[in-house]
Amino acid sequence: MTKTVKSSAAPVGRRGLLIGAGVAGATAVVAGKLSAVAPAATEVSAAGAALADTQSGYRLTAHVQRYYQTTKV
């Protein structure tokens, strides 16, 4: 009797391709979301500069701006 040996190279290649396509798609979505957030950071820094000029107590520093970025959803 001869045994039939199945080659697993083809399904692994297809799986790798599908996984790679999924990862690339997810990366594109995340990059799109992050690029939409970037203009908001510019608005925050401009507002912070105006606020720092008018008030002497509160300063919107880079550290505070970084904290505000981490709290956005």
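1. Start at Tyr58. In this predicted model, Tyr58 sits in the loop that links helix H1 (9-54) to helix H2 (62-71). Its relative accessible area is 32%, so Tyr58 is partly exposed; the partly exposed class lies between the 20% and 50% cut-offs.

2. Now the overall fold. The protein has two helices. Strands number zero.

3. Tyr58 belongs to a surface patch. Its partners there are Tyr67 and Tyr68, and the patch is nonpolar. Together, the three tyrosines have about 310 Å² of accessible area.

4. What about aromatic contacts? The structure holds one aromatic pair. Tyr67 and Tyr68 form this pair, with 6.0 Å from centre to centre. The planes are 55 degrees apart, and the pair is tilted. Tilted fits because edge-to-face needs over 60 degrees and stacked needs under 30.

5. Exposed or partly exposed: how do Tyr67 and Tyr68 count? Tyr67 has 52% relative accessibility, so Tyr67 counts as exposed. Tyr68 has 35%, so Tyr68 counts as partly exposed. The cut-off for exposed is over 50%.

6. Last, burial and surface for the whole protein. Of the 73 residues, 4% are buried. The protein exposes about 6,200 Å². Carbon and sulfur atoms supply 67% of that area.

How values were computed: Residues are numbered from 1 along each chain as its sequence is written. This is a predicted model: local features need pLDDT of at least 70, side-chain atom pairs count only at pLDDT 80 or more; totals for chains, interfaces and linings use all residues. Side-chain values use heavy atoms; hydrogens and water are left out. Helices (H or I, at least four residues) and strands (E, at least two) are DSSP runs, numbered from the N terminus. Buried means under 20% relative accessible area, exposed over 50%, partly exposed in between (1.4 Å probe, protein chains only). Accessible areas come from the Shrake-Rupley method with a 1.4 Å probe; for residues, only the protein chains shown count as cover. Patches are made of residues with over 30% relative accessible area and no salt bridge: like charges are joined within 9 Å, nonpolar side chains (Val, Leu, Ile, Met, Phe, Trp, Tyr) within 5 Å. A salt bridge is a side-chain nitrogen of Lys or Arg within 4 Å of a carboxyl oxygen of Asp or Glu. Rings of Phe, Tyr and Trp (its six-membered ring) pair if their centres lie within 6.5 Å; planes under 30 degrees apart count as stacked, over 60 as edge-to-face and the rest as tilted.
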